[in-house]
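Please examine the model shown here, paying attention to how its strands, domains and chains are arranged.

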Amino acid sequence: MVKILENKMIVPNICTITVFAPEIAGSVKAGQFAILRVDEDGERIPLTVSDWDAERGTITMVYVMVGKTTQKLATLTTNDTLATVVGPLGNPMEIDLFGKVICIGGCYGNASIYPIARALKEKGNRVTSIIEGRSSYMLYWQEKLKTVSDQLIVITRDGSQGKAGHIGNLKSILAAGTPPDRVIVNGCNYLMMRAAQETLPFKIKTIVSLNTLMIDGTGMCGVCRVTVNSSTKFACVDGPHFDAHEVDWDELAQRRKAYLSEEVQTLRSSMAQ
Amino acid sequence: MSEEPKPKPKIDLNRREMPKQEEHVRSHNFLEVALGYTAELAMAEARRCLQCKKPFCIADCPVQIKIPEFIQAIADGDFAAGVRILKERNSLPSVCGRVCPQEEQCEKHCALTKRGGTIAVGRLERFLGDWEAAQPEMALPELSSPTGKKVAIIGGGPAGLTAAADLIKAGHQVVIYEALHKMGGVLYYGIPEFRLPKAIVDREVDYLRRLGVEMHTDFVVGKTRSMDSILEEFDAVFVATGAGLPWFMEMSGNNFNGVYSANEYLTRINLMKGYAYPKNDTPIKRHRKVAVLGGGNVAMDCARTALRLGAEATIVYRRSRTELPARLEEIENAEEEGVKFHYLTLPVRTIGDDRFNVTALECLKMELGEPDASGRRSPVPIPGSEFILPFDSVIHAIGNSPNPLIPQTTPGLTIGRKGNIVIDSETGKTSKERVWAGGDIATGAATVISAMGAARKAASSIHEFLMS
């Protein structure tokens with residue numbers, strides 16, 4: 001049983017949860033995830049570890065309320081417990097002195113890109129962070145991101161903050177200044193795919209952290225199969241970070257939807273209760 | 001006093017059948033298929049044992065159970081004594097009595113086998129394990145006095161549990177680290193409820209806990225903590241991390257929705273209790289026509305599980321029935337329940353629709369050619385014999401490579417060509433100091449009992465090392 005220290009909604013439908021998990025806090029690196037299980041009958045869901053404090057023994061994750069499990073998770077509060085928090089799983093993000101790096105986050109990626117930007121900055125890179133959202137009220141962790149970025153660019157669909165537009169604006173950003181040595185994108189698969197399309201003509205190495213279904217997260221079940229550079233990879237042990245220009249995005253999108261009808265069904269029945 | 005001459009035993013070839021659930025009933029539920037002997041049946045079966053002076057049954061048992069002795073105890077009606085004898089060598093009798101391939105081991109060379117009346121060693125073992133569990137108090141064996149040494153065991157499956165039992169009895173402090181949220185490894189996530197009820201796994205695990213074994217679930221050595229950090233705290237480490245990356249047949253279409261590895265399919269059902277969805281949260285699709293590729297025990301488990309979820313289940317196998325590697329008992333159970341078999345059929349392509357769902361399997365007809373290295377006649381494709389079988393799900397049950405997490409994250413371990421940890425087969429020692437390994441992580445996919453046998457050897461080598 002893992003104790004919840006804080007669990008709150010920070011913007012509509014997006015929550016942060018901080019739990020006491022000293023072993024994970026002591027070993028996690030930027031880009032790794034944990035698997036959570038809310039209760040004994042619960043499913044296992046992977047969430048990126050977006051911040052941690054090794055001294056206090058805490059890890060923080062950000063989740064979007066989309067299905068039954070995340071809805072259930074959102075009802076829990078300080079001192080409640082989770083049945084499982086296991087990790088850190090997956091490979092850490094490759095952190096090196098690349099030069100100029102653009103870190104892009106959307107949705108939960110506003111948060112999960114933060115430790116990556118932080119590690120890159122500590123390594124001496126020039127970091128430009130870009131966050132993207134529907135409207136200014138959907139953005140969060142801006143102050144945190146500013147502290148680890150040389151520049152923070154905000155894009156909103158409705159223009160309520162920063163540039164008006166969407167990830168397609170990346171093209172003009174790339175064309176304007178010196179092109180970055182690397183682009184890293186975290187967020188929904190659509191955002192990552194679109195970002196990859198924008199960086200391809202510039203031939204900029206682009207790394208994405210893929211969202212797949214997972215069960216054990218340790219390389220045993222194989223539900224997280226993705227096709228990268230025409231070969232099958234397991235996101236949990238080979239990834240989750242891959243070269244965006246080699247990912248089969250259509251397949252990924254279809255595999256994500258495998259249980260869509262079941263997810264809707266459980267959500268309906270859990271809301272009816 | 002003169003001894004009375006012993007009467008020559010009358011040979012009874014009537015191997016007592018174990019009651020089973022009716023096939024048309026059991027194919028619709030997840031309850032255990034075989035119901036176990038009653039005390040009367042067990043005693044009748046045990047009395048048939050000839051009590052050979054030189055028993056062949058023990059020689060073929062990977063953990064060297066004193067088989068004639070525990071059978072005699074059953075014949076005498078002294079079940080408690082039988083349990084004591086059994087547990088000297090095997091800490092998981094209820095499990096092994098169910099899932100060991102006895103026909104390849106203890107029962108193979110039984111003196112009565114040639115005459116068609118092999119003693120049902122497995123059923124008797126199971127009887128004792130279950131009898132003990134039904135008693136109000138489970139007797140705990142005496143432990144040796146504490147040695148002050150600490151052993152870490154990585155992986156809570158059959159190998160890990162066996163080593164834990166041996167080492168704690170020898171007086172060492174034992175801590176098991178398990179990556180999943182339940183102890184038991186493949187006994188929990190792999191073998192279905194109808195063949196090995198999870199309550200039995202929990203019971204055997206609880207027995208070890210009462211012996212003093214400390215257990216940490218949700219702990220991934222190599223990730224949560226490195227092996228080297230574990231080695232700082234412990235005197236020895238036994239790696240028993242079991243199965244890893246599942247294999248898929250080399251063909252196109254493996255990533256369509258509806259295609260599963262046996263590991264995923266069984267884990268969804270067994271560990272995550274997907275059969276109780278939507279009461280439990282982990283979903284499982286209710287497919288209509290399921291193909292299972294492979295012919296081993298795991299393939300039978302998948303097909304019989306699919307059947308219980310309401311599907312028509314078909315085993316697609318490239319050789320013929322005689323070459324099926326599964327236990328005969330499992331094949332017969334599958335056949336009785338209504339699993340279909342497509343023999344001499346080689347899948348070459350999975351076909352899907354524009355929504356990425358499986359719709360069919362393209363196959364080739366095969367014929368049997370010359371015997372190969374394994375002695376089995378090897379299948380040869382018949383050119384131009386392509387045909388299409390409609391399915392909405394395809395499960396690959398053709399095996400897996402050893403779990404990659406420890407090999408990937410631990411410097412100093414020699415890793416074999418198949419991703420296995422290389423060990424000395426007599427001692428289980430790895431190339432890294434104070435580290436032993438055994439079970440599927442060292443050999444690749446094999447049986448529960450062979451993993452337990454390897455664990456027992458490693459435990460004895462670890463004990464020797466710790467006491468020297």
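In chain A, seven strands build an open sheet of mixed pairing, in the order E11-E10-E9-E8-E12-E13-E16, where strands are DSSP runs of at least two residues (E), helices are DSSP runs of at least four (H or I), and both are numbered from the N terminus; two strands count as paired if DSSP finds at least two bridges between them. Strand E11 (163-164) and strand E16 (241-243) of chain A occupy the edges, and because each has a single partner strand, one side of each is left without a neighbour in the sheet. Within this sheet, strand E9 (residues 126-133) and strand E10 (residues 151-156) of chain A run parallel and are joined by six bridges, with Thr128(A) standing opposite Gln151(A) in E10(A). Helix H3 (residues 109-122) of chain A packs on the sheet, where it touches strand E8 (100-106), E9, strand E12 (182-186) and strand E13 (206-209) of chain A, and its direction makes about 165 degrees with that of E8(A); axes are lines fitted to C-alpha atoms, for helices over the stretch in contact, and angles run from 0 to 180 degrees between N-to-C directions. Contact between two residues requires that their C-beta atoms, placed from the backbone, lie within 7 Å.

This is a predicted model, in which local features need pLDDT of at least 70 and side-chain atom pairs count only at pLDDT 80 or more, whereas totals for chains, interfaces and linings use all residues. Residues are numbered from 1 along each chain as its sequence is written, while chains are lettered from A and ligands numbered from 1 in the order in which they are written.

Chain A is divided into domain 1 (2-89) and domain 2 (100-256), the bounds coming from an automatic or database domain assignment. The C-alpha centres of these two domains of chain A lie 21 Å apart, and 17 residues of domain 1 are in contact with 20 residues of domain 2. On the domain 1 side of chain A, E4(A) gives the most, with four residues.

Chain B is assigned domain 1 (23-134), domain 2 (150-244 + 401-467) and domain 3 (248-398). The C-alpha centres of domain 1 and domain 3 of chain B lie 32 Å apart, and their contact takes nine residues from each of them.

Between the chains, the contact takes 38 residues from chain A and 31 residues from chain B, and E7(A) gives the most to the chain A side, with six residues.

The table lists residue classes, with Ala, Val, Leu, Ile, Met, Phe, Trp, Tyr, Cys and Pro as nonpolar, Asp, Glu, Lys and Arg as charged, and the others, Gly among them, as polar.

| Side | Nonpolar | Polar | Charged |
|---|---|---|---|
| Chain A, touching chain B | 14 residues | 14 residues | ten residues |
| Domain 1 of chain A, touching domain 2 of chain A | twelve residues | three residues | two residues |
| Domain 1 of chain B, touching domain 3 of chain B | three residues | three residues | three residues |
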